[in-house]
Amino acid sequence: MKEALQLFDKLLLSERGKPKPHIRSFNGLFEDICRLNNQKDQYFTVICLFNRMSQEGSVYPDDYTYKIVINCCFNVKRVDLAFGFFGQLIKKGVRSNIYIMVLLLRGVCVEKGVLEAVVKVFNKMPKMGCKPNVVAYNIVLNGLCKEGSMKKAEKLVDEMISAGIKPTIVTYSTLMNGFCKNRGNGKSRKVEMLVREMISLGIKPDVIFYNSLVDSFCKLGAMEKAEKMVHEMILTGIKPDVSFCKLGAIEKAEKLVREMVSMGIKPDVVTYSSLVDGFCKVGAIEKAEKLVQEMISKGIKPDVVTYSIIVDGFCKSGEIEKAEKFVDEMISMGIKPDIVTYNSLVDGFCKVGSIEKAETLVQEIISKGIKPDVVSYSIIVEGFCKSGEIEKAEKLVLEMISSGIKPNCTTYNSLVDGFCKLGAMDKAEKIVREMITKEIKPNVGTYNTFVDGFCKLRAMDKAEKIVREMISVGIKPNVVTYNTFVDGFCKLRAMDKAEKIVHEMISVGIMPDVFTYNSLIDGFRKVGAMEKIEKLVREMFFEGIKPDVVTCNSLVDGFCKSGEMENAEKFVHEMIYEGIKPNSVTYNSLVDGFCKLGAMEKIEKVLQELISRGIMPDVVTYNSLVFGLFKVGAVENAVKLVYEMISREIKPDIVTYYTLIDGLCNNGKVNVAEELLQKIVSSGFELDVDAYSKVMTRLTAEGEWDKAVDLFHMAVSNGLSPNVKRLFFL
């Protein structure tokens, strides 16, 4: 930078009588300064030098100079300066060109949004003598697709064709990705139509387009169409990637690689690494490991990317020892782990709660000459915040700063999340103010964390205030924001307000997802509105949103709580038919429902099915069974079941003991209940006041006043206050 500044002075302050250097010399120098990636202020430097040159008045900037300086303005996020220089260009009579206009269009689109870009730049281009070209149209198209305005995007493509501008492969790729991200009925058919239209215009798909197309079909769930495209690629000699395995179709991904080999297309390290990555993403870590061994056996040497992927895969599955083993293996093969590899290990240690080991590893990599980055520290900060050690997280952030590593939005978001989870909303707000002071712009995730924090505290008015604030600073609420609100109102059983939020999100172009529906279904379940739940499930299928096990469990539980056991059983069978596996929650609802009806024969059948599916009964299952046995008067069996539960190392909870005491008292076994209560308390288990009161009330009813008084004193000594009036004035 020093040499560049000296050269600028030499060019600008040339000796009198000698001609000034041509503007091209300054343009070249400005471009060289912009390329100094390690200099933080290179763009501001160019802006300052440009101003000096303009004030000196002997060298006149041309259109290319303005292009450079306007680009610098966008790199430092100063849209106002960019338009200031553009106005200067017009005033000085320098002719604008398509490159400057496209630069302005792209910059405004990124910083201010597509609507402002269209109004301020795109619509004014013809008046400036710069008819929008395909690049300009593609920029606006990309902005519309990102905002989910697909109808406007399609209309824009029609406009560009009617204006005589031929769309490119970029145009169609942008549209295709837009349809993929904004899912709904008929989207895969829409993508097919786009491909046919593109080919009819003589635009030949390339490998990038094909791979993107396959990925789009996979994301839209159109696996047959994706497979058809892959075979078409192979037939035309284009080597595909392995999009199938990224979406869980592992067998198809493997088959694809074998087909490539049979057709003489030899998979390279990139192909194998993609496949390894796919297996890791779907949790098939053993297959990923075998594939790495296969690579080595075929003479294809895994690189640092391959090893980093497999290390990350083992870390995400909690197998840290195997991850460390692979790091040792890569070192033995002469492949040096990079910061990405080590960050995966740091993340792995944090995920299993070994935060101290993560900190030690960071010190180790420093000793090896590898500098930890903001990701390394942010992972550990997140680990501390998740474990509730917020003070340690704050201390680490200070260490980061003292080491010259600037915390980013992710780092601060972890702190915000940590304080919100503790209910310390004032401290979370303080962190956000600190972010803004340090020019780190909070993102939608920051605000969503706040919304979630206030919703959990049932402070819905404050949550709404946060949303208004985020909109005022130009951050649009996303599906997570709306889902948090919906869930908050559902938990408060304010179903009218929850539905109102759903209508609002649809009106702004954000479609409800499975989480939205799950919250609504759970809310309506709690208020016993089964008709609403059934309607919502039908709506999900119509919108192409597949219910998950959480959705189904809410419906099953709703049927069980309203005594509609036939409907509950029928729905479980429908779940299985649709490929949704029932879990322990599903069967516990059935067991609880049948127990409340005293239908013990049905319960046996449910238990057999539960065990046949490899699901072991848990404390909730046993609690329901104990209740059911007491209901039908099988007292001995109920007590026996509790002992069986303990022998299976399933720890009884407060519900178990209360059900047992209540059942014994209701079945005339008050002395047994009193002895049991004494044993439970002496074992260190804390019972609530209701358990004591239940036994004391029964004892007084049977004239066992001494025992009742003893229990009263025991309750008081344990910090409880039984209802004395209820005890003595029964």
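Here are some questions and answers about this predicted model.

Q: How many helices and how many strands does the protein chain have?
A: Let's start with the overall picture of this predicted model. Strands are easy to count here, since the chain has 0 of them. The count of helices in the protein chain is 42.

Q: What percentage of the residues of the protein chain count as buried?
A: A residue counts as buried when its relative accessible area is under 20%. The chain has 730 residues to sort this way. The share that count as buried is 47%.

Q: What part of the area that the protein chain exposes do carbon and sulfur atoms supply?
A: The chain exposes about 38400 Å² in total. Of that area, the part supplied by carbon and sulfur atoms is 54%.

Q: Are α38 and α40 roughly parallel or roughly antiparallel to each other?
A: Helix α38 covers residues 654-666 and helix α40 covers residues 689-701, and their axes are 10 Å apart. They pack at an angle of about 10°, and angles under 35 degrees count as roughly parallel. So the answer for α38 and α40 is roughly parallel.

Q: How many residues of the contact of α38 with α40 are charged?
A: On the α38 side, the contact is made by Tyr-658, Ile-661, Asp-662, Cys-665 and Asn-666. On the α40 side you'll find Asp-690, Ala-691, Lys-694, Val-695 and Arg-698. Sorted by class, 5 are nonpolar and 1 is polar, and the number of charged ones is 4.

Q: Are α19 and α20 roughly parallel or roughly antiparallel to each other?
A: Helix α19 (residues 320-332) and helix α20 (residues 339-351) have axes 10 Å apart. Their packing angle is about 160°, and the cut-off for roughly antiparallel is anything over 145 degrees. Therefore α19 and α20 are roughly antiparallel.

Q: Which residues in α20 meet α19?
A: The crossing of α19 with α20 is left-handed. From α19, the residues taking part are Ile-320, Ala-323, Glu-324, Val-327 and Met-330. Their partners in α20 are Thr-341, Leu-345, Gly-348 and Phe-349.

Q: Is Ser-414 buried or exposed?
A: Ser-414 sits in helix α24, which runs over residues 409-421. Leaving aside residues up to four places away in sequence, Ser-414 touches Ser-378, Val-381, Glu-382 and Cys-385. Its relative accessible area is 10%, and the cut-off is under 20%. So Ser-414 is buried.

Q: Which residues does Gln-678 touch, not counting residues up to four places away in sequence?
A: Gln-678 belongs to helix α39 (residues 670-682). With 26% relative accessibility, Gln-678 counts as partly exposed. Skipping residues up to four places away in sequence, Gln-678 touches Leu-711 and Met-714.

Q: What separates the C-alpha atoms of Gln-678 and Tyr-692?
A: Along the chain, Gln-678 and Tyr-692 are 14 residues apart. In space, their C-alpha atoms are separated by 10.0 Å.

Q: Is Glu-439 buried or exposed?
A: Glu-439 is in the loop between α25 (425-437) and α26 (444-456). Its phi is near 60°, a positive value in a residue other than glycine. The relative accessible area of Glu-439 is 74%, and the cut-off is over 50%. So Glu-439 is exposed.

Q: Where is the place of Arg-493?
A: Arg-493 is not a glycine, although it has a positive phi of about 60°. You'll find Arg-493 in the loop between α28 (479-491) and α29 (495-507).

Definitions and conventions: Residues are numbered from 1 along each chain as its sequence is written. This is a predicted model: local features need pLDDT of at least 70, side-chain atom pairs count only at pLDDT 80 or more; totals for chains, interfaces and linings use all residues. Side-chain values use heavy atoms; hydrogens and water are left out. Helices (H or I, at least four residues) and strands (E, at least two) are DSSP runs, numbered from the N terminus. Buried means under 20% relative accessible area, exposed over 50%, partly exposed in between (1.4 Å probe, protein chains only). Accessible areas come from the Shrake-Rupley method with a 1.4 Å probe; for residues, only the protein chains shown count as cover. Axes are lines fitted to C-alpha atoms, for helices over the stretch in contact, and angles run from 0 to 180 degrees between N-to-C directions. Angles under 35 degrees count as roughly parallel, over 145 as roughly antiparallel, 65 to 115 as roughly perpendicular and the rest as oblique. Contact means heavy atoms within 4.5 Å. Ala, Val, Leu, Ile, Met, Phe, Trp, Tyr, Cys and Pro count as nonpolar, Asp, Glu, Lys and Arg as charged, and the others, Gly among them, as polar. A crossing is left-handed if the near helix is turned anticlockwise from the far one by less than a right angle, and right-handed if clockwise.
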